[in-house]
Amino acid sequence: MEHEVAVGPVNLAARVDDALAVQALAFGLSEDEIAIRRHIVLRHLLCPGACALGATTPDGRLVGFVYGMPNDRTHWWSTVVEPYLRRSGSDDWLDDSFVITELHVHPAHQGRGIGRSLITTITDAAAQPRSILSAIDTESPARGLYRALGYQDLARHVLFPSAPKPYAVMGAPLPLRRG
Ligand SMILES: CC(C)(COP(=O)(O)OP(=O)(O)OC[C@H]1O[C@@H](n2cnc3c(N)ncnc32)[C@H](O)[C@@H]1OP(=O)(O)O)[C@@H](O)C(=O)NCCC(=O)NCCS
């Protein structure tokens, strides 16, 4: 991992604006989307078992973050992906699973192992035996990273209301694959 950047616990609720600024650069978010995400992130962080890690420079700038929580079938994300997973016979992945809700690294700091460190560190601390997430269903650095860590496609062409692009839902046993 990049030498001067440290990965560790972060009070993401207190740093939500910094996190969304990173997400806006890494993933692309409009001003309207940032305002909507702000409420969603703050609500997510109150969920039981929610956990967040940040990647911080020595002068305290947040250049990456990850957060997630044990999956809850009543949560919006889970209800959207459930029919797709049921169709592929993999909806049991919604139980006893740690969901990676967001993972983003500032573009100037990408490709140096920070993303890998964030997701392996947060899942190493999870009590669940497996992890699930969704990613835009295209060949991207994110999909490459997830596959390298052992995530496999559970469903593809998953449509979230209001998201124009289809997503893939992926799952991996924990701990994530190394090396
Ligand atoms: C996905 C993301 C978080 C990865 O963070 P990162 O710090 O750049 O990733 P790392 O340097 O730890 O790279 C780890 C692995 O990712 C994969 N990867 C990284 N960049 C890649 C690229 N350009 N093409 C293909 N695979 C790539 C590789 O498997 C790499 O392992 P390697 O270095 O051993 O080859 C970052 O690219 C990002 O923020 N992307 C935009 C936002 C996003 O898509 N978030 C995920 C939403 S689901």
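Start with helix α1 and its packing: select α1 together with α2 (31-44), β3 (62-70) and β4 (97-105), the elements that the buried residues of α1 pack against. Helices (H or I, at least four residues) and strands (E, at least two) are DSSP runs, numbered from the N terminus. Contact here means that the C-beta atoms of two residues, placed from the backbone, lie within 7 Å.

This is a predicted model, in which local features need pLDDT of at least 70, side-chain atom pairs count only at pLDDT 80 or more, and totals for chains, interfaces and linings use all residues. Residues are numbered from 1 along each chain as its sequence is written.

Next, narrow the selection to residues 16-28, which form α1, and pick out its buried members Ala-19, Leu-20, Val-22, Gln-23 and Ala-26. They lie on the same side of α1 because they cover an arc of only 155° around the axis, the arc being that of the directions from the helix axis to the C-beta atoms. An α-helix has 3.6 residues a turn, so residues three or four places apart point the same way. Turn to the face of α1 away from its buried side to find the exposed residues Asp-17 and Gly-28. A residue is buried if 20 or more other C-beta atoms lie within 10 Å of its own, exposed if 12 or fewer, and partly exposed in between, with C-beta atoms placed from the backbone.

Now select the ligand. Which residues are closest to the ligand? They are Gln-110, Gly-115, Pro-141, Gly-144 and Leu-145, out of 19 that surround it; a residue counts if its C-beta atom, placed from the backbone, lies within 6 Å. Colour α1, β4, α4 (114-124) and α5 (141-148), each of which supplies at least two residues of this shell. α5 gives the most, with five residues.

Then select residues 5-175, covered by the UniProt annotation "domain: N-acetyltransferase" from an unreviewed entry; such annotations may be inferred rather than shown by experiment. Over this range the chain is 34% helix and 29% strand, and the end C-alpha atoms are 23 Å apart.

Finally, show the whole chain. Five helices and seven strands are present, running β-α-α-β-β-α-β-α-β-α-β-β from the N terminus on. The C-alpha trace spans about 50 × 40 × 30 Å along its principal axes. Of the 179 residues, 37% are buried. Among contacts with a separation of 6 or more, 68% are between residues 24 or more positions apart.
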